[in-house]
Amino acid sequence: MGLPLEKLGTTYEERTATIDADRAKAYAAATNDDNPAYESGKYAPPVFGVVPAWDAMLLAVADVVPPEVAMMVVHGEQDMRFHQPLVPGVVLTTRAEAYAVRVSPSGTRFTVRVTSDDDSGNAALEQYITMFIRGMGDGDSAGPDKPDHTFPEEARGAKVGEFTIHVDDDQTFRYRDASGDQMPIHVDNDFAKSVGLPGIIAHGLCTMAMTSQAVIKTVADGDPSRLKRLAVRFSKNVFPGNDVVTTIYDAGEADGRKVYAFEAHSQGDLVIANGRAEIEA
């Protein structure tokens with residue numbers, strides 16, 4: 001069984017949502033981010049941008065991914081491009097496009113392109129969200145390549161810094177409540193084991209939000225409005241009770257922005273790979 005390639009290129013119905021101030025603050029707290037810009041309500045955390053776009057993205061997933069394999073889906077990659085900072089109170093109109101399918105022996109990657117405009121019609125956020133369906137090795141690949149964010153190995157000689165955040169024992173429950181992500185693999189130990197996991201795992205986007213905190217505090221002077229792109233590949237699972245250690249490297253410049261490569265480890269495992277951050281000067 002493979003994914004229905006004829007669905008690629010389909011654009012789904014728009015969804016509208018407001019960047020809610022209280023929920024944005026709760027999201028920051030649920031990812032252990034104490035940036036004053038979020039607590040004051042000046043900005044929402046960058047990775048919070050997935051929340052108002054979630055319903056639009058799910059329209060594409062529900063149309064393309066068969067329901068019988070839904071519980072075998074994990075988050076593979078996330079690439080976010082910020083055309084403007086996320087500001088509480090702004091209304092976003094979001095649409096999703098079934099973008100690409102890539103098949104490998106271990107599973108299938110399905111990428112959804114999600115774009116959000118503000119209430120004036122200006123571009124606010126573009127996302128490439130890649131789901132990995134474990135065990136689905138049948139079918140063909142199709143669609144365009146998603147934007148690249150491969151780690152440039154030459155950057156390893158230009159380490160900038162390292163930042164550590166602890167994943168609390170109750171982290172997945174707090175993140176569920178703030179984000180709305182109800183996948184049981186993050187909160188139900190027995191269910192997680194029933195689908196082949198060793199136990200509850202942290203949400204990939206929670207880990208990504210932790211790396212965004214590391215990037216913003218280390219190379220953007222704590223100013224989230226300077227973050228213009230954040231992209232990661234979720235490499236291995238993160239478990240509550242452990243640390244996430246993000247290491248950041250200078251990868252030069254592109255389009256007038258500083259580019260940083262980064263990766264994150266937890267318990268000795270590479271959990272975030274191919275991290276790329278672009279910072280406005």
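How many cavities of 30 Å³ or more does the count come to? In the predicted model described here, the count comes to six cavities of that size. The overall form of the chain is set out below, followed by the cavities, the largest pocket and a number of individual residues.

The secondary structure of the chain consists of six helices and 10 strands. Along the principal axes, the C-alpha trace extends over about 50 × 45 × 40 Å. A compact globule of 281 residues would have a radius of gyration near 19 Å, and the chain, at 18 Å, agrees with this expectation. Of the 281 residues, 51% count as buried. When contacts between residues at least 6 apart in sequence are considered, 74% of them join residues at least 24 apart. The accessible surface comes to about 11,600 Å², and carbon and sulfur atoms account for 47% of this area.

The largest cavity holds about 70 Å³ of space. Its lining is formed by Tyr 43, Ala 44, Pro 46, Phe 82, Gln 84, Pro 85, Leu 86, Pro 224, Ser 225 and Leu 227. By class, this lining comprises eight nonpolar residues and two polar ones, with no charged residue.

One of the lining residues of the largest cavity, Leu 227, is placed in strand E7. Leu 227 has a relative accessible area of 2% and is therefore buried, since the cut-off for burial is under 20%. Beyond residues up to four places away in sequence, Leu 227 touches Pro 46, Phe 82, Val 215, Ile 216, Ala 277, Glu 278 and Ile 279. Two of these contacts, Pro 46 and Phe 82, also appear in the lining of the largest cavity. Pro 67, by contrast, is separated from Leu 227 by 160 residues in sequence and by 36 Å in space, C-alpha to C-alpha.

The largest pocket has a volume of about 860 Å³. Its lining contains 38 residues, and those that lie nearest the centre are Val 73, Val 74, His 75, Met 131 and Met 183. Two or more lining residues are given by each of helix H3 (50-64), strand E2 (73-82), strand E5 (123-134), helix H6 (204-219), strand E7 (227-234) and strand E10 (269-280). Among these elements, H3 gives the most, with five residues. The lining of the largest pocket divides by class into 23 nonpolar, 10 polar and five charged residues.

Two buried residues illustrate contacts made across the sequence. Gly 49 is located in the loop between helix H2 (36-39) and H3. The relative accessibility of Gly 49 is 1%, so this residue counts as buried. Leaving aside residues up to four places away in sequence, Gly 49 touches Met 80, Leu 86, Leu 125 and Gln 127. Of these partners, Met 80 is 31 residues from Gly 49 along the sequence, while the C-alpha atoms of the two are 8.5 Å apart in space. Leu 86, another partner of Gly 49, is also one of the residues that line the largest cavity.

Ala 178 belongs to helix H4 (residues 171-179). With a relative accessible area of 4%, Ala 178 is buried. The contacts of Ala 178, apart from residues up to four places away in sequence, are Arg 23, Ala 26, Tyr 27 and Ala 30. Asp 22 lies 156 residues from Ala 178 along the chain, yet the separation of their C-alpha atoms is 9.6 Å.

Two further residues have positive phi values without being glycine. Asp 221 has a phi near 55° and is situated in the loop between H6 and E7. The relative accessibility of Asp 221 is 72%, and the residue therefore counts as exposed. For Gln 267, phi is about 55°. This residue, Gln 267, occurs in the loop between strand E9 (257-266) and E10. Gln 267 is exposed, because its relative accessible area of 63% falls above the 50% cut-off.

Methods
Residues are numbered from 1 along each chain as its sequence is written. This is a predicted model: local features need pLDDT of at least 70, side-chain atom pairs count only at pLDDT 80 or more; totals for chains, interfaces and linings use all residues. Side-chain values use heavy atoms; hydrogens and water are left out. On a 1 Å grid over the protein atoms alone, a cavity is a set of points where a 1.4 Å probe fits but cannot get out, and a pocket is an open set with protein on both sides within 12 Å along at least five of seven lines; lining residues have an atom within 4 Å of a point. Grid points are joined across faces, edges and corners, and a volume is the space filled by probe spheres set on the points. Helices (H or I, at least four residues) and strands (E, at least two) are DSSP runs, numbered from the N terminus. Ala, Val, Leu, Ile, Met, Phe, Trp, Tyr, Cys and Pro count as nonpolar, Asp, Glu, Lys and Arg as charged, and the others, Gly among them, as polar. Buried means under 20% relative accessible area, exposed over 50%, partly exposed in between (1.4 Å probe, protein chains only). Contact means heavy atoms within 4.5 Å. The radius of gyration is taken over C-alpha atoms; the globule rule is 2.2 Å times the number of residues to the power 0.38. Accessible areas come from the Shrake-Rupley method with a 1.4 Å probe; for residues, only the protein chains shown count as cover.
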